[in-house]
Amino acid sequence: MTAAAQPRAMGALMLSSKARGTVSAIDGFRTQGCMKALFPRRRDGVEAIVINTSGGLTGGDRLSLHGTAGAGSRLVLTTQAAERAYRSASGWARVETRLEAATGARFDWLPQELILFEGARLQRMLRADLAADARMLLVEPVIFGRHAMGEVLRDVGFRDRIEIWRGGAPLYFDALRMEGDLQAQMTRAAVGGGAGAMACIVYVGPEAEGLLRPLRALLPETGGASLVRPDVLVARVLACDGYALRQTLLPALDRLCEDRTGEGLPISWRL
Amino acid sequence: MVTGVRTATNTVRRRMPIDLRLLILTQWLSPAYPLGAFAFSHGLEAACADGQVHDSRGLEAWLRSVLETGSGWGDAVWIAVAARGERPLTEVEALAEAFAASSERLRETRQQGAAFARITSDIWTVELQACVLPVALGEAARVLSLDVEAVIALYLQGLVTNLVAAGQRLMPLGQTAAQAIVAGLSPLCAEIAARAVLCDETDVYSNAYASDIAAMRHEIMESRVFQS
């Protein structure tokens with residue numbers, strides 16, 4: 001049983017939505033390998049629950065996802081459960097995500113938590129390209145080891161990069177690069193202050209300024225929000241563990257998700 | 001500190017013009033150069049108010065993280081990228097701005113960059129557009145052929161000096177303890193400069209989450225001394 005003999009998971013998913021009258025419909029859908037999707041009913045857009053059937057990420061895995069919200073449509077993507085990045089025997093797991101929102105479209109990127117396990121090696125890259133008047137809501141929650149299960153991260157490689165472009169120009173970028181003893185790093189006051197979980201939230205749209213105050217009211221003392229551009233709202237939250245992070249994220253994302261139909265977070269977040 | 005300064009000094013013995021360049025650099029990065037840095041705490045004011053930083057040990061640890069894995073590291077790389085001059089400056093500026101963690105952080109670097117560009121263009125033979133400070137500094141260093149590693153090391157030391165001075169207004173911190181922090185972090189400034197000078201924009205990141213959150217929380221403080 002050598003490391004090299006382990007099968008590697010490969011998966012790809014492509015999904016696009018289009019406007020049909022006043023509602024959104026699936027335009028194109030294709031999957032490959034370990035990536036699957038479910039489509040629960042949603043009034044205000046196409047909702048897809050992405051499933052990685054390989055059960056978790058490990059060294060050598062390659063996942064890619066390409067989502068497109070076509071002109072005037074809304075596409076809501078989430079995951080069935082938390083994604084797990086397990087110990088890597090060799091090499092890094094790589095996840096690439098491309099999101100596009102055309103004119104008048106809205107893209108909601110709402111994956112559930114990423115859980116890092118001891119020995120994980122994961123590199124993720126997410127690039128979103130927005131039309132000048134497109135809207136986007138994005139969240140990326142990360143759990144740095146499940147402390148309640150006695151999991152402590154002493155040897156992990158985690159690189160994560162988010163690039164949001166609008167009209168071909170950089171709008172909001174965020175990158176982190178943590179290597180080695182993450183437990184020790186998260187203890188540092190200016191890094192994690194002892195937190196075991198973290199999330200960043202980004203909202204792009206003309207409502208951003210109006211959402212700043214209500215969002216701030218929902219954040220704990222270990223979180224903050226700011227309007228980095230007139231229509232770009234960012235927030236970052238630290239929490240002691242995944243449970244506490246959810247207590248913050250559920251109402252906050254509900255508030256940022258809802259539009260005139262009053263539908264909030266995808267149902268998979270509540271299960 | 002040791003590496004950057006020693007290189008410059010060795011060269012000074014051979015050629016006079018380098019001496020002048022080093023003096024230009026220390027002028028730009030001296031707290032007396034009127035960029036208005038003293039008005040900004042980089043979120044430190046909020047961190048002190050929230051009890052995350054309250055003494056000299058805590059301040060040194062906080063600043064170490066900002067340098068190593070936070071906005072200090074990012075600024076260092078932006079200076080290097082701008083000084084290399086391989087990409088149009090407007091592109092570099094747009095990328096650097098996209099990485100701003102909060103609106104006050106963006107204002108902090110834009111205001112100082114604009115002041116730097118204005119004053120520097122008036123005095124030296126360099127035409128700088130108003131842009132974020134590390135990018136303006138990198139461009140000026142490129143035009144005047146300054147040692148980029150030294151620019152970065154001095155910039156980071158200037159950042160530390162300014163934030164330690166802010167710390168003195170926010171907590172009981174004596175002059176000796178304050179200067180001990182600057183001295184203690186100087187080797188790190190030099191070490192980061194040596195690494196950053198080889199890096200490009202794909203190497204920019206921030207793991208200083210709590211520092212970035214403090215910068216956001218500064219916006220909601222009811223009474224404040226600093227603008228960030």
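# A walk through chain B

Start at the N terminus: select residues 1–6 of chain B, where pLDDT stays under 50 and the model has 13 contacts beyond four places in sequence. This is a predicted model, and where pLDDT is low, the predicted coordinates should not be read in detail. Now colour the whole of chain B by confidence. The average pLDDT is 93, and 92% of the residues score at least 70. For the model as a whole, the scores are ipTM 0.95 and pTM 0.94.

**Zoom out to chain B**

Switch to cartoon view. You should count eleven helices and zero strands in chain B. Turn the chain around and you'll find that its C-alpha atoms fill a box of roughly 50 × 35 × 30 Å along the principal axes. Is that what a compact globule would give? What radius of gyration does chain B have? The value is 17 Å, which agrees with the figure near 17 Å for a compact globule of 228 residues. Of those 228 residues, 53% count as buried. If you draw the contacts in chain B with a separation of 6 or more, 76% of them come from residues 24 or more positions apart.

**Select H5, residues 71–84**

Next, pick helix H5 of chain B. Its 14 residues should span 20 Å at 1.5 Å a residue, and the end C-alpha atoms are indeed 20 Å apart. Hide nothing around H5(B) yet: 13 of its 14 residues are buried, so the helix is largely enclosed by the rest of the structure. Step past the end of H5(B) and you land on B:Gly85, which has a positive phi, near 65°.

**Into the core**

Which residues have the most contacts inside the largest nonpolar core? Select A:Leu116, B:Ile79, B:Val151, B:Ile152 and B:Leu156; the core they belong to has 161 residues. Helix H9 of chain B, residues 148–170, gives the most to this core, with 14 residues. In soluble globular proteins, nonpolar side chains tend to be buried together.

Centre on B:Ile152 and show what surrounds it. Beyond its neighbours within four places in sequence, B:Ile152 is in contact with B:Ala76, B:Ile79 and B:Ala80, as well as B:Ala193, B:Ala196 and B:Val197.

Now move to B:Leu170, also found in helix H9 of chain B. Is B:Leu170 buried or exposed? It counts as buried, because it has 20 C-beta neighbours inside 10 Å. Leaving out residues up to four places away in sequence, B:Leu170 touches B:Leu44, B:Glu45 and B:Cys48. Draw a distance from B:Leu170 to B:Cys48: the C-alpha atoms are separated by 6.9 Å, although the two residues are 122 residues apart along the chain.

**Along H7, residues 103–123**

Helix H7 of chain B has 21 residues and reaches 30 Å from its first C-alpha to its last, close to the 30 Å expected. Select its buried residues, among them B:Arg105, B:Leu106, B:Glu108, B:Phe116 and B:Ala117.

**Last stop: where B meets A**

Bring chain A back into view. The contact takes 32 residues from chain B and 28 residues from chain A. On the side of chain B that touches chain A, H4 (56–69), H6 (89–98), H7 and H11 (209–217) each supply at least two residues. Which helix gives the most to that side? Select H11(B), which gives seven residues. Colour this side of chain B by class and you'll see 18 nonpolar, ten polar and four charged residues.

Terms used: Residues numbered from 1 in each chain as written. Chains lettered and ligands numbered in written order. Predicted model: local features only at pLDDT ≥ 70, side-chain atom pairs only at ≥ 80, totals over all residues. Core = buried A, V, L, I, M, F, W, Y, C linked by C-beta atoms within 7 Å. Buried ≥ 20, exposed ≤ 12 C-beta atoms within 10 Å, placed from the backbone. Helix = DSSP H or I, 4+ residues; strand = E, 2+ residues; numbered from the N terminus. Contact = placed C-beta atoms within 7 Å. Expected span 1.5 Å × (residues − 1). Nonpolar A, V, L, I, M, F, W, Y, C, P; charged D, E, K, R; others polar. pLDDT = per-residue confidence, 0-100. Rg over C-alpha atoms; globule rule 2.2 N^0.38 Å.
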